[in-house]
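Open the structure in your viewer and keep the sequence panel beside it. This tour goes stop by stop, with something to select at each one.

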Amino acid sequence: MCVTLAGGGCATAPLERAGSLRSYDRMSDANGLVTRSQIRVNRKDVLAAKTIRIASTVFPARTDVALNEKERRLVANAISRELCLRLSERFRIVSSDADADLTVQATVTHAAPTNPTASGASKALSIAKTVALPAVPVPVPRLPVGLGSLSVEAEARDFAGFRKAAMVWARGANSITNSPRVANEGDAYDLASDFGADFAKLVATGESPFGGVPALPPMDSIPVRLGGAPKYVACEAFGRFPGVTGFAGQGLGLPPAWTDSGAKDNPVPAPAPEVNSEQTLTQ
């Protein structure tokens with residue numbers, strides 16, 4: 001499903017199973033306006049949990065994903081960092097070697113690269129409009145070509161390894177809400193935050209993250225997004241948000257790597273499961 005927003009284009013993203021979840025049984029469709037997903041959650045158990053350990057997101061190499069190791073690592077870390085911030089709103093985040101009520105693990109199953117040339121042209125048109133018509137408050141839609149996408153699956157397990165929440169998620173960039181970045185990983189990097197927000201909401205509330213009125217971010221998360229220290233020390237493992245420099249870079253269409261330092265000391269991620277690109281969900 002690819003929803004067209006206000007006449008703009010959008011990319012399609014495959015809803016894939018990478019085999020990293022313990023089980024795909026009894027997962028139900030839960031789609032948003034521009035997102036396809038399947039979820040399963042034990043609401044009682046996730047609401048009873050108080051502590052969470054966040055494993056580094058894995059993004060294994062695959063022949064049909066044209067992102068190099070550095071680009072994949074940046075996208076994967078953006079997911080982990082967003083999960084840590086969002087889950088900090090309700091849970092206490094503990095370090096990787098500490099006991100926890102729940103452990104979260106995400107795996108990127110697919111990502112379509114952004115076309116840097118098309119993104120550069122879109123950004124040039126936007127800048128030209130700003131210069132030529134500065135008094136006209138109408139945004140210039142991004143060119144509906146070369147849009148990237150991201151597909152992810154994640155699971156929250158208890159201390160005994162039993163699944164308490166799971167999500168298979170896919171979303172493509174669109175011409176209206178996703179700013180162009182001149183980088184292969186541009187859209188995947190920005191969509192990483194959307195996935196992190198959706199899965200964190202599933203785990204924190206025990207309910208589908210789609211539908212309803214979007215909640216405003218808590219005030220104490222704003223300094224963290226501006227590059228400040230996270231609420232819990234364990235989140236430092238994923239580095240700090242790029243802050244004002246990152247927002248400026250996004251507005252200018254710069255590659256994420258120019259403003260995001262990535263994970264602290266670039267820790268080695270957990271071993272990645274083999275991805276079978278033929279295991280695609282039928283919708």
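**Stop 1: the whole chain**

Colour by secondary structure. The chain has 6 helices and 7 strands. This is a predicted model. From the N terminus on, the elements run β-β-α-β-α-β-β-α-β-β-α-α-α. The chain has 283 residues, and 49% of them count as buried. Now think about contacts along the chain. Among those with a separation of 6 or more, 78% are between residues 24 or more positions apart.

**Stop 2: the sheet**

Select the strands and hide the rest. There is an open sheet of 7 strands, with mixed pairing. Its order is β1-β2-β7-β6-β5-β3-β4. Which strands stand at the edges? They are β1 (28–29) and β4 (92–94). Each has a single partner strand, so one side of each is left without a neighbour in the sheet.

Strands of a sheet pair through backbone hydrogen bonds, either parallel or antiparallel. Turn on the hydrogen bonds and go through the pairs.

**Stop 3: β5 and its partners**

Select residues 102–112, which form strand β5. Add residues 149–158, strand β6. The two strands run antiparallel and are joined by 10 bridges. Pick V108 and look across to β6: its bridge partner there is V152.

Next, show β3 (51–54). β3 runs parallel to β5, with 3 bridges between them. Click T103 in β5, and R53 stands opposite. T103 also stands opposite R157 in β6.

Is β5 largely enclosed or left open? Of its 11 residues, 8 are buried, so β5 is largely enclosed by the rest of the structure.

**Stop 4: the β6–β7 hairpin**

Keep β6 on screen and add β7 (163–172). β6 and β7 form a hairpin, with 4 residues between them. Zoom in on the turn and find G161, which has a positive phi of about 90 degrees. The two strands pair in the antiparallel sense over 9 bridges. For one pair to label, take A154, which stands opposite M167 in β7.

**Stop 5: β7 and β2**

Now bring in β2 (35–41). β2 and β7 run antiparallel, joined by 7 bridges. Label R40 and then A166 in β7, which stands opposite R40.

How many residues of β7 are buried? The count is 10 of the 10, so β7 is largely enclosed by the rest of the structure.

**Stop 6: the helix across the sheet**

Show α4 (186–205). α4 lies across β2, β3, β5, β6 and β7. Compare its direction with that of β7: α4 runs at about 150 degrees to this strand.

**Stop 7: S149**

Centre the view on S149, in strand β6. S149 is buried, with a relative accessible area of 1%. What is S149 in contact with, leaving aside its neighbours within four places in sequence? The partners include T12 and A13, then H110, A111 and A112. R171, G172 and A173 are also among them, as are A188 and L191.

**Stop 8: the largest pocket**

Switch on a surface. The largest pocket has a volume of about 1300 Å³. It is lined by 43 residues, and the closest to its centre are E82, R86, S193, D194 and A197. Three elements give two or more residues to this lining: α2 (69–87), α4 and α6 (243–252). Which of the elements gives the most? That is α4, with 10 residues. Colour the lining by class to see 18 nonpolar, 13 polar and 12 charged residues.

**Stop 9: the cavities**

Make the surface transparent for the last stop. A search of the whole structure finds 3 cavities of 30 Å³ or more. About 90 Å³ of space lies in the largest cavity. To find it, select R81, V224, P230, C235 and F241, which lie nearest its centre among its 13 lining residues. α2 gives the most to this lining, with 3 residues. By class, the lining of the largest cavity has 6 nonpolar, 3 polar and 4 charged residues.

Key: Residues numbered from 1 in each chain as written. Predicted model: local features only at pLDDT ≥ 70, side-chain atom pairs only at ≥ 80, totals over all residues. Heavy atoms only, no water. 1 Å grid on protein atoms, 1.4 Å probe; cavity = no way out; pocket = protein on both sides within 12 Å on 5 of 7 lines; lining within 4 Å. Points joined across faces, edges and corners; volume = space filled by probe spheres on them. Nonpolar A, V, L, I, M, F, W, Y, C, P; charged D, E, K, R; others polar. Pairing = 2+ DSSP bridges. Contact = heavy atoms within 4.5 Å. Axes fitted to C-alpha atoms, helices over the stretch in contact; angles between N-to-C directions. Buried < 20%, exposed > 50% of the residue type's maximum accessible area, 1.4 Å probe, protein only.
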